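User: I'm new to this one, so could you walk me through it and tell me how each label is earned?

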Protein chains: 2
Amino acid sequence: MDGTGRTLTAAELADLLRTAIVSGELVPNQRLVEGDLAAEYGASRGNIRVALSELSVEGLVERVQNRGARVRSVSVEEAVEITEVRAALEALCARKAAERATDSDITELQDLATRMKDAVDRGDRESYSEGNQAVHEKIIAMSAQKTAASTIQRLRGQAVRFQFRLARQPGRPAVSLPQHLAIIDAVCAHDADAAAEAMRVHLESVADAIRASNK
Amino acid sequence: MDGTGRTLTAAELADLLRTAIVSGELVPNQRLVEGDLAAEYGASRGNIRVALSELSVEGLVERVQNRGARVRSVSVEEAVEITEVRAALEALCARKAAERATDSDITELQDLATRMKDAVDRGDRESYSEGNQAVHEKIIAMSAQKTAASTIQRLRGQAVRFQFRLARQPGRPAVSLPQHLAIIDAVCAHDADAAAEAMRVHLESVADAIRASNK
DNA sequence: GTTGCCAATTTTGCTGACAATTTTCCGGAT
DNA sequence: ATCCGGAAAATTGTCAGCAAAATTGGCAAC
């Protein structure tokens, strides 16, 4: 099944399942029967079990005593909460990024800014979405905050479905592009307070959009 | 061993081990040999294994392939990062708490304020420390943000050792009491911005103290 | 005294089988 | 037709044992 010939370890299974859930291959509320997964991935049930335990701690899977596991279904209210937490954390990262930005960081961010502008002009939603994500990742990387970075990543995994839905909304780029440009400007100007506030405003607007679109 | 006669489940073992680590019973870098733990708790090695996996995702335990698990040792730099993340998250909670505070919440917080003032006057460090923690918990509860709450709790578990060390520093209450009173005032006045900022300032000062005390 | 190597021991990673629990399904009574 | 009880099936929870990897200790060579 996996082409390597050898059986999969618990860690590898956790990665595979995480990817399957985040990518939407496994849909919310879908039951995750240990025996079935073991057969599908050609792994032992024991390893499937520990993988599910780990994903449950990560918040991607919900387990009930003696009743098995299922893909956790995140409600709109929870998605809003998650985005608000992300707003607080990424604002922190933006602040640190503004403080620590090197010249090469700045040129890279500005390059991203022009590429995003072009993508919106061309109506290339795919490119814009990639740039969008790249900006967030770059700023998180610049902040060099490992704790914040891993927490944000975990939360993003939980709410990815809503992010995705939002990105496909017409007119959304027109709202978020100037926000992203403001973030980039503040970070490049080493203005920590403005960077944090711009990031917070941006993600709060995402939270509002989630509230509105699924109410 | 546990008095119930029955063997312990994986979930119970995770709780026991978590408590043992957070309470300091198991010290940082201490090796966690699966067989030994199984014997000590009267559990099977398989369940110990699952518990260690979960605690590893929580960040309390460090696992290396084929080399076992040990209690994660949090460096000063990490403790500072963790506290900065807490600052961002608890500031969010303080903001929400200020928006949602009911009359009974307010009287409860003001009661805590007077008790903390009394404790400092009497030099009763124990009472002050309890009140301190109660304020943070109350505000988190008032915010009704489940995502933020669980994230904060997980982070606190990782950095509890440093919090503890700090609380025992002479003169620390004199610094933190006015900060706590400012937080309580802002929340009770329904001033969301001020509450968030007061909380952020408070925990940033904790971060500074950690930086200074262990540099 | 130090270094390098090899066997013995320890410890982890994994699997299959067994026990306990929950769910499903079916026959009968109302 | 509906509801109830109980056996059968499905599924989860647990355990003990085996294989693989790492660590340890001893022994010889330099």
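User: Which residues are the closest to DNA strand D, and how many surround it?

Analyst: Keep in mind that this is a predicted model. DNA strand D is surrounded by 18 residues, and the closest are A:Arg45, A:Arg49, B:Thr9, B:Ser44 and B:Arg67.

User: What makes the pair between A:Arg45 and a base oxygen of DNA strand D a polar contact?

Analyst: The cut-off is 3.5 Å between N or O atoms. A polar side-chain atom of A:Arg45 sits 2.6 Å from that base oxygen, so the pair falls within 3.5 Å and counts.

User: What about phosphate oxygens of DNA strand D: how far is the side chain of B:Ser44 from one?

Analyst: An N or O atom in the B:Ser44 side chain is 2.8 Å away from a phosphate oxygen. With A:Asn66, a backbone N or O atom is 3.1 Å from a phosphate oxygen of the strand. Both pairs pass, because the limit is 3.5 Å.

User: Which elements give two or more residues to the surface near DNA strand D?

Analyst: From chain A, β1 (31-32) and α3 (45-58) do, together with α3 (45-58) of chain B.

User: How do you know that chains A and B are related as by a two-fold rotation axis?

Analyst: A turn of 180° with a shift of 0.0 Å along the axis lays chain A on chain B, with an RMSD of 0.1 Å. The two copies are thus related as by a two-fold axis.

User: Why say the copies meet through the same surface?

Analyst: Because 96% of the interface residues of chain A are interface residues in chain B too.

How values were computed: Residues are numbered from 1 along each chain as its sequence is written. Chains are lettered from A and ligands numbered from 1 in the order in which they are written. This is a predicted model: local features need pLDDT of at least 70, side-chain atom pairs count only at pLDDT 80 or more; totals for chains, interfaces and linings use all residues. Side-chain values use heavy atoms; hydrogens and water are left out. Copies are superposed by least squares on the C-alpha atoms of residues with pLDDT of at least 70 in both. Contact means heavy atoms within 4.5 Å. A residue is near a molecule or strand if one of its heavy atoms lies within 4 Å of it. A polar contact is a pair of N or O atoms within 3.5 Å; within protein, one must be able to donate a hydrogen and the other to accept it, and residues adjacent in sequence count only if both atoms are side-chain atoms. Helices (H or I, at least four residues) and strands (E, at least two) are DSSP runs, numbered from the N terminus.
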